[in-house]
Amino acid sequence: MIKSVGIVGARGHTGAELIRLLAAHPGFELAFVSSRELDGQPVSAHVPEYRGDLRYANIAHESLGGYAVDACVLALPNGKSDACVAGLAGQGADPVIVDLSADHRFDDAWYYGLPELTRATYAGQRRIANPGCYASAMQFAIAPMLDALEGPVQCFGVSGFSGAGTSPSDRNDPGKLRDNLMPYALVDHLHEREVTRHLGAPVEFMPHVAPHFRGITLTANLHLRTPVTLDTVRARYHARYAGEPLLRVVDEAPWVSAIAGRHGVEVGGFTLSADGRRLVVVATLDNLLKGAATQALQNLNLAFGYPETQGIPLD
């Protein structure tokens with residue numbers, strides 16, 4: 001039986017990617033796409049891959065409960081989701097809700113949906129917090145060595161400017177970013193706290209925005225309790241991610257240009273200090289896809305019993 005899905009905040013880059021993925025999925029159909037700015041315009045005019053006649057609608061958050069849907073994806077800025085959750089439940093409905101903002105990533109009542117690392121804890125929860133894009137890359141880079149860490153992991157991240165959203169700012173202004181690398185929020189970044197919480201290990205994160213449009217490069221510097229060899233490191237990563245169709249372990253440091261527009265993750269570039277107690281790992285992913293829309297579809301598939309990667313083009 002086909003399940004109906006609504007999207008709130010569909011104007012942004014991630015909303016468009018979600019529309020593309022859901023339009024091609026055999027088990028889901030779009031019931032509504034909400035956007036104040038695009039109200040009344042055909043969805044197909046902005047996302048040509050969508051072939052239906054649905055139009056964007058400006059739906060008040062408190063009125064979302066009037067739409068009978070099986071699931072709703074919230075693609076809104078931080079701090080906006082609670083009104084939507086209340087609206088969706090306002091008429092006794094109980095749809096699956098996938099929240100792409102950070103509003104519920106620290107809420108134990110919500111399943112934290114990073115499937116490759118957390119699917120064993122999914123038990124039918126209908127409230128799903130989609131992880132952050134940088135936070136996903138950090139966790140993929142660190143998780144296989146988690147039990148060997150000594151002290152905080154330092155993470156240097158560089159993202160394309162699509163990660164700054166569509167509202168104009170210095171961080172998505174191509175003119176200001178040209179020939180530039182823009183650091184921001186260098187201590188106590190939200191994703192720093194998110195990863196520290198979910199991995200249970202301290203992380204120090206330094207994010208930057210680059211002139212390219214999409215894709216994240218995350219370089220993690222891990223200090224280890226005891227010396228290791230490169231063979232041991234590679235074996236750990238291959239074992240941890242064996243059978244994961246969206247995650248590839250590589251020897252060379254992955255390039256962000258090779259991951260842009262793709263749905264998976266590459267982890268590699270393993271480099272050890274001479275004493276074997278400092279390991280550097282590089283992870284790349286597309287912030288709009290595996291960092292957001294692709295992960296949301298994995299979580300929807302999980303919630304409705306579809307194969308986890310159904311509807312996701314495998315690289």
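Immediately after helix H7, Gly200 adopts a positive phi of about 75 degrees in this predicted model. The helix that precedes this glycine, H7 (residues 190–199), has as its buried residues His191, Glu192, Glu194, Val195 and Leu199. When H7 is viewed down its axis, these buried positions fall within an arc of 165 degrees, and they therefore line one face of the helix. Such an arrangement can be read against the geometry of an α-helix, in which there are 3.6 residues a turn, so that residues three or four places apart point the same way. The cover over the buried residues of H7 includes E6, H5 and strand E10 (203–209).

Of the elements that cover H7, strand E10 is itself mostly covered, with five of its seven residues buried. Strand E8 (residues 153–159) runs parallel to E10, and the two are joined by seven bridges; within this pairing, Gln154 stands opposite Glu204 of E10. Strand E9 (residues 182–183) also pairs with E10, but in the antiparallel sense and over two bridges, and here Pro183 has His208 of E10 as its bridge partner.

Helix H5, another of the elements covering H7, is largely enclosed by the rest of the structure, because ten of its ten residues are buried. These buried residues comprise Cys133, Tyr134, Ala135, Ser136, Ala137, Met138, Gln139, Phe140, Ala141 and Ile142, a set that holds the polar side chains of Ser136 and Gln139. The largest nonpolar core has 43 residues, and the members that touch the most others are Cys155, Leu218, Leu222, Tyr237, Val267 and Leu279. To this core helix H5 (residues 133–142) gives the most, contributing eight residues. Apart from this core lies another, of 35 residues, which includes Val5, Ile19, Phe28 and Tyr111.

Among the members of the largest core that touch the most others, Leu222 was examined further. With neighbours within four places in sequence left aside, Leu222 is in contact with Ile142, Met145, Leu149, Val153, Tyr237, Arg277, Arg278, Leu279 and Val281. Of these contacts, Ile142 is also one of the buried residues of H5, and Tyr237 also takes part in a cluster in which ring pairs link it with Phe140, Tyr241 and Phe270.

In the other core, Ile19 is placed in helix H1 (residues 13–23) and is buried, its relative accessible area being 0%. When residues up to four places away in sequence are not counted, Ile19 touches Ile7, Ala10, Leu30, Val33, Val43, Val47, Tyr50 and Tyr56. By contrast with these contacts, the C-alpha atoms of Ile19 and Leu272, residues that are 253 places apart along the chain, are separated by 42 Å.

Aromatic pairs in the model number nine. In one of them, Phe28 and Phe304 are arranged edge-to-face, with 5.8 Å from centre to centre and 75 degrees between the planes. This pair links distant parts of the chain, since Phe28 belongs to strand E2 (residues 28–34) and Phe304 to helix H10 (residues 289–304), 276 residues apart. Phe28 counts as buried because its relative accessibility of 4% falls below the 20% limit. The pair of Tyr111 and Tyr122 is likewise edge-to-face, because the ring centres are 4.9 Å apart and the planes lie at 65 degrees. Tyr111 lies in strand E6 (residues 111–112), whereas Tyr122 occupies the loop between helix H4 (115–118) and strand E7 (127–129), so that this pair ties together parts eleven residues apart in sequence. Both of these tyrosines, Tyr111 and Tyr122, are buried.

The count of disulfides comes to zero. The sulfur of Cys84 has its closest cysteine sulfur in Cys72, at 7.0 Å, which is too far for a bond, and Cys84 is buried with a relative accessible area of 0%. For Cys155, the closest cysteine sulfur is that of Cys133, and the distance of 13 Å is again too far for a bond. Cys155 is also buried, with a relative accessible area of 0%, and this cysteine is among the residues that touch the most other members of the largest nonpolar core.

Definitions and conventions:
Residues numbered from 1 in each chain as written. Predicted model: local features only at pLDDT ≥ 70, side-chain atom pairs only at ≥ 80, totals over all residues. Heavy atoms only, no water. Core = buried A, V, L, I, M, F, W, Y, C linked by side-chain atoms within 4.5 Å. Buried < 20%, exposed > 50% of the residue type's maximum accessible area, 1.4 Å probe, protein only. Helix = DSSP H or I, 4+ residues; strand = E, 2+ residues; numbered from the N terminus. Contact = heavy atoms within 4.5 Å. Phe/Tyr/Trp six-rings, centres within 6.5 Å; stacked < 30°, edge-to-face > 60°. Arc of directions from axis to C-beta. Pairing = 2+ DSSP bridges. Disulfide = S-S within 2.5 Å.
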